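Visitor: I should like a close look at one part of this model, namely the enclosed spaces inside the protein and what surrounds them. Please take me through them in a connected account.

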Amino acid sequence: MSSSDNSTPLLKTPLHALHIELGAKMVPFGGYDMPVQYPMGVMAEHKHTRAAAGLFDVSHMGQVLLKGDGASAALETIVPVDVIDLGLFKQRYALFTNETGGILDDLMIARRPDDLFVVVNAGCKVQDIAHMQAKIGDKCQVLPLPEQALLALQGPQAVIALSRLNPDVAKLTFMTGGFFNIDGIETFLTRSGYTGEDGFEISVAGDQAELLARKLLAQPEVKPIGLGARDSLRLEAGLCLYGHDINTESTPVEASLTWAIQKVRRAGGARAGGYPGAAVVDAQLANGAARKRVGLVSSERMPVREGAKLVNADGLEVGVVTSGTLGPTVGKPVALAYLSKEFSAIGTEVFAIVRDKRTPMTVSSTPFTPNGYFRG
């Protein structure tokens, strides 16, 4: 997901010139030239977001509208989640699955009065849009929104900063949204994000994005934050990154994402199955899977990176790390990993192989640092 083909020129978001102006270090990501960090540095950006508010450019993500009376039922044929019962201006996390129950991508769905608003990952958006058009394009309109930008304002003081520009945003709770005029700029925003903190994701016309970003950055709580800190923040929050912690080889059950599959879509539910891989997923929901995504923490200082093998006390390989960092908030190495079922219980000790040395790690619950979501 993070790599780009060198032969194709990198795309630019509507905020590209602003990133350069702010001194960002730019890197290829998901086919775009994106800011990995600003002069403050990744560690300071991470801590600032946890303490105050950070502004992220996530315009590389795919934004899509599904329109038509059949849109909700149609979307349920390709995701294992409850779309039909999703309330107005409510948002829900979902997964596209394939015929073997593997995850094609994860996405967010919000119900609006006249459509479903869908956000998919940057690196998968071309395939995701083609997948929706092929599978459900005959049942509803699938309308990509390439002209829209997407900003994420994240952190415990995000609501203070945004409320100066429209006080009504403070009435939203986690995973709800609405149409808001932000100091003269029309937006659709949700109280959500991918840092584990309170915050907002703001969809805005591309030609208004820089003006909105400048208004937000003018607030004393807000600083610009790059992809480096976005990754360490989401990892501390125990959140999956597509192409790393979840992919076509992992099912929702293996990935510990069963909370995203509502009862109504499970075996025995009113609208059970009917999506790709349902038989595999239902069997794993009933019997468990052979491996499971878990959190890991270490008491040593050596960070454990993606791809590190995990072994038991006898040196037998029992799993692999999919994301890892030295958690700036928790102050110790944290990781997400897949482990054999018998080693996945919280408190189990395993060893990561780092530079041919064993680093002891303990299976931990996630998030590694408490969430700050505002639930009202």
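**The cavities and their surroundings**

Guide: The residues that line the second largest cavity divide into five nonpolar, three polar and one charged. This is a predicted model, and the space in question has a volume of about 50 Å³. Its lining is formed by Gln91, Phe117, Val119, Leu150, Phe188, Leu189, Thr190, Glu201 and Ser203. Three strands each give two or more residues to that lining, namely S7 (115-120), S11 (185-190) and S12 (199-205). Of the elements involved, S11 gives the most, with three residues.

Rolling a probe the size of a water molecule over the atoms shows where empty space is left. In this model the count comes to three cavities of 30 Å³ or more. The largest cavity holds about 70 Å³ of space. Its lining consists of Leu15, Leu18, His19, Leu22, Tyr38, Leu55, Phe56, Asp57, Ala213, Leu217, Pro224 and Ile225. Two or more residues of this lining come from each of helix H1 (16-21), strand S3 (53-57) and helix H6 (206-217). The largest share, three residues, belongs to S3. By character, the lining of the largest cavity divides into 10 nonpolar residues, one polar and one charged.

Helix H6 merits attention in its own right. At 1.5 Å a residue, its 12 residues should span 16 Å, and the end C-alpha atoms of H6 are 17 Å apart, which agrees. The buried residues of H6 are Gly206, Ala209, Leu212, Ala213 and Leu216. They cover an arc of only 105 degrees around the axis, and therefore lie on the same side of H6. An α-helix has 3.6 residues a turn, so residues three or four places apart point the same way. Ala213 is thus named twice in this account, being one of the buried residues of H6 and one of the residues that line the largest cavity.

An open space may be set beside these enclosed ones. The second largest pocket contains about 260 Å³ of space. It is lined by 16 residues, of which Tyr32, Lys125, Leu145, Pro146 and Glu147 lie nearest its centre. Strand S4 (62-67) and helix H4 (125-136) are the elements that give two or more residues to the lining of this pocket. The pocket lining divides into seven nonpolar residues, six polar and three charged.

As to the wider setting, an unreviewed UniProt entry lists residues 15-263 as "domain: GCVT N-terminal". That span is 25% helix and 31% strand, and its end C-alpha atoms lie 41 Å apart.

Some details of the backbone complete the account. Most residues other than glycine have a negative phi, and most peptide bonds are trans. Phe89, however, has a positive phi, near 65 degrees. Phe89 is found in the loop between helix H3 (71-76) and strand S5 (91-97). With a relative accessible area of 23%, Phe89 is partly exposed. Ser256 likewise has a positive phi, near 60 degrees, and its place is in the loop between helix H7 (227-236) and helix H8 (278-287). Finally, a cis peptide bond joins Thr366 and Pro367, with omega about 5 degrees. Pro367 is found in the segment after strand S19 (357-364).

Definitions and conventions
Residues numbered from 1 in each chain as written. Predicted model: local features only at pLDDT ≥ 70, side-chain atom pairs only at ≥ 80, totals over all residues. Heavy atoms only, no water. UniProt positions renumbered as here; feature names shortened; annotations may be inferred. Helix = DSSP H or I, 4+ residues; strand = E, 2+ residues; numbered from the N terminus. 1 Å grid on protein atoms, 1.4 Å probe; cavity = no way out; pocket = protein on both sides within 12 Å on 5 of 7 lines; lining within 4 Å. Points joined across faces, edges and corners; volume = space filled by probe spheres on them. Nonpolar A, V, L, I, M, F, W, Y, C, P; charged D, E, K, R; others polar. Expected span 1.5 Å × (residues − 1). Buried < 20%, exposed > 50% of the residue type's maximum accessible area, 1.4 Å probe, protein only. Arc of directions from axis to C-beta.
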